[in-house]
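The exercises below are to be worked with the structure in view. Try each task before reading the solution that follows it.

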Amino acid sequence: MTMQTPLAAAARPLQAGSPPAGWSHQHLLDLEELTAEEITLILDTAVLCKEATEGCRRKIDVLAGSAVVNLFFENSTRTKTSFSLAARRLGADVIDFSASTSSLSKGESFIDTAKNLQAMGIDAVVVRHGTPGTPHLLASHLNVGVINAGDGPHAHPTQGLLDILSIRERLGDLKGLTVGLVGDIAHSRTARSNIWGLTKLGAKVILCGPPTLVADGWRELGVEVSHDLDAILPRCDVLNLLRIQFERQHTRPFPSVREYAHLYAMNRDRLRRAKKDLVILAPGPINRGVEVTADVADCPQSLILDQVTNGLAVRMAVLWLICGGRSSTQASKAAEGRIV
Amino acid sequence: MASMLIRGGRVVDPDQGIDRVDDLLIQDGQIVAIGQSGSQPLGKVDETLDASGLIVTPGLIDMHVHLREPGREEDETIESGTRAALAGGFTSVACIPNTEPPTDTQANVEFIRQKAARADTCNVFVVGCVSRDRAGKELAEIGQLVEAGAVAFSDDGSPVYDAELMRRAFEYCRMFDKAILAHEEVLELSRGGVMHEGQVSMALGLKGMPAAAEEVMIGRDIALAEVTGGRLHVMHVSTAHGVELIRQAKRRGVQVTAEACPHHFTLTDESLRGFDSNFKMSPPLRTAADVEGIINGLVDGTIDCIATDHAPHAPEKKLLELDRAPFGILGLETAVGLCVTRLIDAGHIDWLRFVDAISRLPAQILGVNRGTLRPGAVADVTLIDPSLQWQVDVSTFASKSINSPFDGWTLKGRAVATIVAGRVKYRLPR
C-alpha cells in the first residue's frame with residue numbers, strides 16, 4: 001500500500017527529530033515571559049503532535065534517547081501522568097521522582113537533589129512545588145530544561161496552554177472572545193496562567209468570585225473583576241470554573257459551600273441564561289456540586305475531557321520544543337567538534 | 001594612655017550643633033576638645049589621623065542587630081557580628097534577644113557581655129526579653145536584667161501578642177525608664193506570608209503580609225503606651241500609614257520613638273519578582289508609596305533612627321524555597337553606603353540629621369552615654385569618606401553570612417576608620 005493518510009503525512013516530518021523553528025527558551029516557567037507568537041507556536045506544535053500521534057494515542061520517536069525527570073513535591077495524578085505519557089509518546093525515558101521517598105526526606109535540599117539528577121545526564125526536569133518561584137530557583141541552578149508543572153498559586157503554564165488550545169479548537173481565534181474565570185482566583189495558578197495567555201492572545205478576561213477570592217487589584221493587569229456571576233454570564237463565550245482550594249486557606253473565604261454554590265456554581269438554570277454556544281472548562285479535579293453541577297459537567301458544551309487530551313498534546317509540544325532544541329544543538333555542537 | 005589628633009575633617013555632631021571642618025583631640029579614650037585651640041599640645045600627640053575630605057562623627061550606633069550567639073553560631077557570632085559592625089562604621093550595637101536560649105536571665109546577659117569583652121571589638125549593648133523565654137506569657141525578670149546591664153526590652157522576631165502583658169511591660173519598665181522595642185505584627189493577618197500583600201504578591205501567587213498587619217499592632221501599642229505612660233520604640237517601620245500613626249501619636253505627646261531600616265527606604269516589593277529569598281524579610285519590602293512615607297518620616301523626625309535589623313542566615317538556609325527560607329538580610333556593612341546614596345546624596349537629609357538618626361538618638365533611646373563628641377565623652381568616633389564609590393561584595397564581608405540583596409550594587413560613602421574608646425578598631429584596607 002502506497003496510499004498515505006493525511007495523518008501519516010503530517011507525521012513524516014516529525015520523524016526527523018528537530019522541532020518547529022522559533023523557540024528560543026531553555027525553560028518554560030510561566031506564560032508571562034512568552035510573546036503571543038511563542039504561545040501560538042506551542043499551540044501549533046501541540047496540534048502537530050496531536051495529529052501525528054493520531055489523537056495522542058500513538059508514539060513518535062522524536063525524543064528517543066532523551067531523559068525527562070518528573071520532580072513532584074505536591075500530589076498530582078493527572079498532570080504527572082500526562083507529562084509521563086507525553087514524554088513516552090515522544091520516545092523519551094521518564095523517571096518519576098517522588099519527594100517523600102527520596103533523600104529530601106533525609107534532609108537534602110531540593111537543589112542538591114536536582115543537581116544530582118542533572119549529573120545523571122537528564123535533559124529536562126518537570127517540577128511541581130507548593131511554593132511559587134521554586135521552578136525559577138531550580139532553573140537558576142541547573143543547565144537542563146526546567147518545565148513548571150505548577151508552583152503553588154503562581155503559574156501552571158501547560159494548564160493555561162491546554163485550556164487555550166481547547167477553546168481554540170472549539171471556537172477558533174481567541175481574539176475578541178470573552179472568557180470568564182470563576183471561583184478561587186486568589187489561590188489558582190490556573191487562573192494566573194490563563195490570564196497571561198488569554199490576554200496576550202487578545203481575549204477579554206473577566207474574573208468572577210467573592211471579594212475574598214477575587215481582589216479588585218486584578219484590574220491593574222487589564223482584566224475585568226466582577227462578584228456577580230449572573231451579571232456577567234450573558235457576555236461570556238467561555239467559562240473556566242476553578243476549584244476552591246480549601247487546602248491553601250487558613251480561614252474559609254465564604255460562609256458555606258452551600259452559599260458559594262448558590263452564588264457561583266454553574267448549573268442548568270444558569271446554562272439556560274448563557275450564550276447558546278457557551279463553552280465550559282474546568283481544570284480539575286472538579287468538585288461536582290461546588291463549582292459545577294454534575295449535569296453541566298457532563299453536558300455537550302463541557303470540554304472537560306477534551307482538556308485532558310489536549311493536555312497531553314501541549315505537554316508533548318513543550319517537551320519537544322525544550323528537549324528537541326537541546327538535543328539538536330548538542331548534536332550540532334558534537335558535529336562541529338568532529339569537524340574541528 | 002595615648003592621645004590622637006584627627007585633623008582637618010568635617011566634624012558633624014548634632015549633640016553640640018557642630019558641622020564644620022575642624023580638628024578632634026582624643027586622650028586616654030576620651031574626647032578632649034574640638035577645634036584648633038583645643039589641639040594645643042600638638043607636639044605631644046602620639047598619633048595623627050589625616051581626616052581631610054572625611055566626615056568625622058560620633059561613633060555610629062545600630063540599635064537593632066541580631067548577633068545570633070548563643071544558639072546559632074553558624075549564622076553569626078558575637079565576634080563576627082561586631083567585626084561586621086566595625087567594618088560598617090558602627091562603634092556600638094544593641095543585640096536583640098531572640099537567641100537560643102533567649103536573653104531572659106542575668107546569666108544570659110552576662111554571657112553576651114563577657115563574649116563581647118573577649119572579642120574586644122565594638123560596644124555591645126544587650127537588649128533583654130520582655131517575656132520569660134520570649135514566650136509571651138509572663139514578664140521576664142526585667143529588674144534583674146537591668147541590673148545585669150540590659151538597656152531595653154524586646155521580644156523581637158515576634159510581637160508581644162498578649163495585649164495585657166504588653167500593658168504590664170510598659171507599666172513595669174517605667175520604673176527603670178527603659179523603652180520597649182516592639183516588633184509590630186498581627187500574626188493572623190500575616191501568617192504564611194513571604195512578602196508584602198499587594199499587586200506584586202497577587203501576580204506572583206505568593207502569600208502576602210498586608211500593611212494592616214503592621215499598622216494594627218502599631219495602633220495597639222501606641223494606645224497602650226499612651227494609657228500607661230510607658231516608652232514605646234517601634235522597630236523597623238515599613239509602611240507610610242504606620243509612619244502617620246506615629247506622627248499623630250507624637251503630636252499627642254505619647255512617648256513613642258521609631259526606627260527605619262535602609263532596605264525599607266531603598267527597595268520595594270517589585271524586587272520579589274525574581275523569587276530571590278535575599279529580598280525576604282519581616283516586615284517585608286513594601287510599595288514605592290511606603291518608601292516615600294519612610295523617607296518623609298526620616299526627614300521630619302517622625303522616625304527618629306536608622307537601624308539595620310542585621311539578620312544573618314547561613315547560605316544553605318537562604319537557598320531554599322521562598323516559604324522555607326528564613327526572614328532577614330544583612331545590614332551592618334551596607335548601611336552607611338545606602339544612607340549616603342539614598343538619603344544624603346539624594347537630597348532628603350543632611351549630615352547632621354543622618355548622624356542624629358544613627359548615633360545621637362539611638363544612644364538617647366537606649367539610655368547609653370554615647371552619640372556625642374562633647375569633651376569628656378567616650379571617644380567613639382567614625383570617619384566616613386562621603387564620596388568613595390565602592391561595589392558591595394559579600395565575599396569580603398566580615399559577617400559569617402552573605403544574605404545581602406545589595407551584593408554587586410555600587411554605593412557611595414563608606415566608613416574608612418572606626419575608633420572605639422580612642423583606639424582604631426577598623427581601617428578600610430587600601
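**Exercise 1: the contact between the chains**

In this predicted model, the contact takes 15 residues from chain B and 20 residues from chain A. Find which helix gives the most to the side of chain B that touches chain A, and sort the residues of that side by character.

Solution. Begin with the helices of chain B: helix H6 (residues 199–204) of chain B gives the most to the side that touches chain A, with four residues. Then sort the residues of this side of chain B, which divide into eight nonpolar, three polar and four charged.

**Exercise 2: two domains in chain A**

Determine how chain A is divided into domains, and which element gives the most to the side of domain 1 of chain A that touches domain 2 of chain A.

Solution. The first step is to mark the bounds, since these set the two groups of residues to be compared: domain 1 of chain A covers 23–156 + 308–325, and domain 2 of chain A covers 157–307. Taken over C-alpha atoms, the centres of the two domains of chain A are separated by 25 Å. Next, look at the contact itself, in which 27 residues of domain 1 of chain A meet 25 residues of domain 2 of chain A. On the domain 1 side, helix H2 (36–52), strand E4 (145–151) and helix H12 (304–339) of chain A each supply at least two residues, and H12(A) gives the most, with eight residues. Finally, the residues of this side of domain 1 of chain A divide into 14 nonpolar, eight polar and five charged.

**Exercise 3: strand E4(A)**

Describe how E4(A) pairs with strand E3 (residues 124–129) of chain A, and follow the chain from E3(A) to E4(A).

Solution. The two strands, E3(A) and E4(A), pair in the parallel sense over five bridges; for Val125(A), the bridge partner in E4(A) is Val146(A). Between the strands, the chain crosses from E3(A) through helix H5 (residues 134–139) of chain A to E4(A), and this β-α-β crossover is right-handed. As for its surroundings, E4(A) is mostly covered, with seven of its seven residues buried.

**Exercise 4: Pro157(A)**

Is Pro157(A) buried or exposed?

Solution. Locate Pro157(A) in helix H6 (residues 157–171) of chain A. The cut-off for a buried residue is 20 or more other C-beta atoms within 10 Å, and Pro157(A) counts as buried because it has 29 C-beta neighbours inside 10 Å. Leaving aside neighbours within four places in sequence, Pro157(A) is in contact with residues including Leu28(A), Asn148(A) and Ser193(A).

Key. Residues are numbered from 1 along each chain as its sequence is written. Chains are lettered from A and ligands numbered from 1 in the order in which they are written. This is a predicted model: local features need pLDDT of at least 70, side-chain atom pairs count only at pLDDT 80 or more; totals for chains, interfaces and linings use all residues. A residue is buried if 20 or more other C-beta atoms lie within 10 Å of its own, exposed if 12 or fewer, and partly exposed in between; C-beta atoms are placed from the backbone. Two residues are in contact if their C-beta atoms, placed from the backbone, lie within 7 Å. Domain bounds come from an automatic or database domain assignment. Ala, Val, Leu, Ile, Met, Phe, Trp, Tyr, Cys and Pro count as nonpolar, Asp, Glu, Lys and Arg as charged, and the others, Gly among them, as polar. Two strands pair if DSSP finds at least two bridges between them. A crossover is right-handed if, with the strands pointing away from the viewer, the path from the first strand over the helix to the second runs clockwise.
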